[in-house]
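User: Please take a close look at the strand pairing in this one. Start with the terms you use, then walk me through the details.

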Amino acid sequence: MTPNNSVLGASVSRLEDHGLLTGQSRFIDDLQLPGTLSAAFVRSPYGHALINGVNTEAACQVPGVVAVYTLTDLQPWLTDTRMATGLPSNSFRLDVNPRVLAADEVVYVGEPIAVVIAASRYAAEDAADLVEVDCEPLEVVADCRAALLADSPGAHRKLSHNLVAAFDFDYGHVEDAFRQADVIINESFRLHRGGAHSIEGRGAVASHDPVTGKLTLWTSTQRPHGVKRVICDLLGCNDDSVRVVAPQIGGGFGPKLVCYPEEVVVAVCGKLLQQPVKWTQDRYEYFLSTTQERDQYWDVEIAVDNDAMIKGVRGALLHDHGAYTARGLNVPYASGVALPLAYNIPAYHLDVYAVLTNKVPVTPVRGAGQPQGVFVMERLLDRVAAGLSLDRAEVRRRNLVRKEQMPCRKSLKLRGGTEVILDSGDYPATQELALEHAGWAAFGERQQAALEQGRHIGIGLANFVEGTGRGPYETVTVRINPSGNILVATGATAMGQSTQTMLAQIVAGQLGGDLSLVSVNCGDTDATPLGFGGFNSRQTVVAGASAHAAARAVRDKVFRLASRRLEAAERDLEINGHNVFVKDMPDRKLTFAQLARAASGLPGFKLPVAESGPGLEATESVVIDDMVYSNGSAVAEVEVDIDTGQVDIHRFLIVHDCGRMINPALVEGQVAGGIAHGIGNALFEWMGFDDNAQPVTTTFADYLLVSADKMPALELFHRESASPFNELGVKGVGESGCLPTPAAIVAAIEDALKPFDVKLNQAPLTPAVLWGLIRPAPGISAPEHWRSPGIDTAAYRKGVLL
Amino acid sequence: MDSKIALRLDINSRDYHVNVEARQTLADVIREECGLTGTRVGCEHGVCGSCTIVVDGAPVRACLMFAPQAEGKKIRTIEGMAEGDDLHPIQRAFSDNHALQCGFCTPGFIMLIAAWLEQNPAPADGEITGMLSANLCRCTGYRNIFRAVKQIVAELG
């Protein structure tokens, strides 16, 4: 009765591939229901303005236009005009939920004001251009630092200040730590992350069935259950009359976890017009209206003794929250938690200020604030090394959480109050392996030799610990159908991370090992009423645990029934493929189909195994409150062209540990993708806004994603420290790659620029930024985003409304 | 925009008769009028390459071409790659090398590679990378796509 483990831990081919490779899989814009109407949104051209009126007359005359709706038109069908989509927190000081449509005031460029419904997208977009919105521009809050000054206008006209939330992390005796320190180093950091930019934008299709009265919303979301809740509440529908389905998702990377105004509007219109309504976002709209991560300003100091042992870290973090609360405070919260995770830091105090601006709301992008926390900590340690003339790796070696400390209780709490307990891993060994592969010790000689040839090469190191597997659960149903196939249904939602394959491997591991028998239904609220979806590198941990438990329960039922039918002890039975047979007697067998039919019962007859109940099915929602922590160490080697500011990444290697790997090829795929995103954050991706909070990078020609020629050959190494916190021993991996990457690359660039004594406390470092830092030309003032960072602490502390 | 143009498009060696507005992009017509939704639209401004198809042997951004411009040309899309259940070698190489995750950009990459390899059957590594940098992928970090191309080149060689 040993489970078939050959499928678990193997780099098997993906279930998802065939449909995707042949073009048969259906993404949101591929759904073409008969009679579908198209929606186009009229959006705010201003960062902040009053709306004095909306004239839809000309738009209504466009051939093909069915309706043009403003909030006034939709309001009778809505229970509220605001969308409650944020996670709760006691730290909020302002209540700024997004509007379904803006009616009297717009607070960011791209905020939807009206919707046009027409026979085609072409007609809808033509008409949207003809909707006249009478706007009266108001003062704009474009910078989250200025937003906290006492004389700043409010990002919303009725607000007297912009401090949407304030909270802190505080443990240990911080004052003592700094009083007793031998060395105190203080730094300011400006960190910018842009958008997620899944290649598929957002989109939604609503269809109301007049026969059943049911409204189905297909939407490109990471959280169909979350969207359903908002739709039911806002449309005043009971849960049975709404179904939300995530079709094939063309990448999420964070922002698709939010429920957006467009989803609500499309749902209302589908119901109102009794015809399917589709909205497909274009890339320009993605830049304007899909949530981003954007700006953080850190002002921090670290206290160490003469041996470089950390005594404490303290400081402040200013976080650009955008114009509304679309998800909560999880990004700055995760930044603050990520900073001290990998190291023994006896005292920590961080004041966090989340600040409203007239920009599209901020919510997690892959990494969700953690890369920034890692960046700050790693850069501080590099400064400590420089200050004490120690090797950068040695400073880390002395302070990393050690293996014998595991499980290591940190004096930190997760956003829901659960304690942070690092479950497992050997962080120093991970770092050593990375250094060894990188040839860290010998790099100095190479660097010197290169410098003698006029070449500037550098090396950087960054460690990270990522919180993964956010609970409390994900539901999974496993059923062997009477036709003999295995159906897995779950609230987990796939957006490219191979969720179906991962779950199929776990289930097949218990049920015969044949993946071709398994199909996985993800992200359909009718198939699985309770669920959360895909975010926070969670699904392998939480959905994996439930899949494992459910598959084992079904396996028990299979064996109980087969044992009676084959007249053999359960311990003598085995499953191979769809056959259940007596060990060493392969002819004494029953198939899944035979067993599932028998288990279904016959009218008037007793069930074959009364205690198993009918069918071969089990549903499990394994509750996991504690997160599990992946870790890793990354080393980047770069060359900087000092004449152009161009950076070439010569090598990038990472040693990572996400516990037991269900499928190593998929793990590597996730890590590599995360690194690519991190390289973008280090060198390329800059979401620009002008002083009026007008976006200035709204195409892929202005906002640069990493392309194939900018990717170094990656060197990936695994360690597998099984987590003791779940039965499979797994940890999440979806975001890991992007956590250490900007920190390692920026450290390498700074190392390469040693002769210039350049301090790099910001990301991204585009060639223009770097060139400006290497050769600041007298009399030429660099554009704002080129300037070296720095918070005017005194000014904002004075102005801040605490 | 009430005047429509009757077009015959030759897609994957099959004729499609459609009535379209002059301004309709080839991508939209292939997807919406011909029902071949495997050609996916990622940016609608010609940078991401997701909508890449092959027109008269050359890789083309279908979002930057109007449908009437394609009349009389031989068009190949992702739906024309596999023979029944048998995947094209490029499709197989993508699966073998885990060169796709969400799969949204994949048809564009496959069509780009298919057209390019016709002209460049024995490319050097740098040339492959240069070719792949024409399209964007947000999931994979490209290295597995590069490996897939190497596998195909080896098979062809």
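Analyst: Two strands pair if DSSP finds at least two bridges between them; strands (E, at least two residues) and helices (H or I, at least four) are DSSP runs, numbered from the N terminus. This is a predicted model: local features need pLDDT of at least 70, side-chain atom pairs count only at pLDDT 80 or more, and totals for chains, interfaces and linings use all residues. Residues are numbered from 1 along each chain as written, chains are lettered from A and ligands numbered from 1 in written order, and side-chain values use heavy atoms, without hydrogens or water.

Let's start with strand E26 of chain A, residues 628–641. Of its 14 residues, 13 are buried (under 20% relative accessible area with a 1.4 Å probe, protein chains only), so the rest of the structure largely encloses E26(A). One of its partners is E18(A), which runs antiparallel to E26(A) and is joined to it by 13 bridges. You can pick out that pairing at A:Asn463, whose bridge partner in E26(A) is A:Ser633. Another partner is strand E27 of chain A, residues 646–657, again antiparallel, with 11 bridges. Here A:Asp641 has A:Gln646 in E27(A) as its bridge partner. E26(A) and E27(A) make a hairpin with four residues between the strands, and in that hairpin A:Gly645 takes a positive phi near 80 degrees.

Follow E18(A) out of the pairing and you hit a cis bond. The loop between strand E18 (456–468) and strand E19 (476–480) of chain A holds A:Pro472, and the peptide bond joining A:Gly471 to A:Pro472 is cis, with omega about 10 degrees. Another cis bond runs from A:Ala763 to A:Pro764, with omega near 5 degrees. A:Pro764 sits in the loop between strand E29 (762–763) and helix H19 (767–774) of chain A.

Now for a sheet elsewhere in chain A. Seven strands make up an open sheet with mixed pairing, in the order E3-E5-E1-E12-E9-E10-E11. Strand E3 (65–70) and strand E11 (242–245) of chain A are the edges, each pairing on one side only. From one strand to the next, the twist averages 20 degrees. At the E3 edge, E3(A) pairs with strand E5 of chain A (residues 112–118) in the antiparallel sense, over five bridges. Within that pair, A:Val68 has A:Val116 in E5(A) as its bridge partner.

Helices pack on this sheet too, with contact meaning heavy atoms within 4.5 Å. Helix H4 of chain A (residues 121–130) touches strand E1 (37–43), E3, E5 and strand E12 (277–280), and its direction makes about 25 degrees with that of E1(A). Such angles run from 0 to 180 degrees between N-to-C directions of lines fitted to C-alpha atoms, for helices over the stretch in contact. Helix H7 of chain A (residues 261–273) also packs on the sheet, touching E1, E3, E5, E9, strand E10 (214–219) and E12; its direction makes about 25 degrees with that of E9(A).

One backbone oddity leads into E9. A:His197 lies in the loop between strand E8 (183–193) and strand E9 (203–209) of chain A, and has a positive phi near 50 degrees despite not being a glycine. A:His197 is buried as well, at 2% relative accessible area. Chain B offers B:His98, another non-glycine with a positive phi, about 50 degrees. B:His98 sits in the loop between helix H2 (89–96) and helix H3 (106–119) of chain B, and is buried at 6% relative accessible area.

Conventions. Buried < 20%, exposed > 50% of the residue type's maximum accessible area, 1.4 Å probe, protein only.
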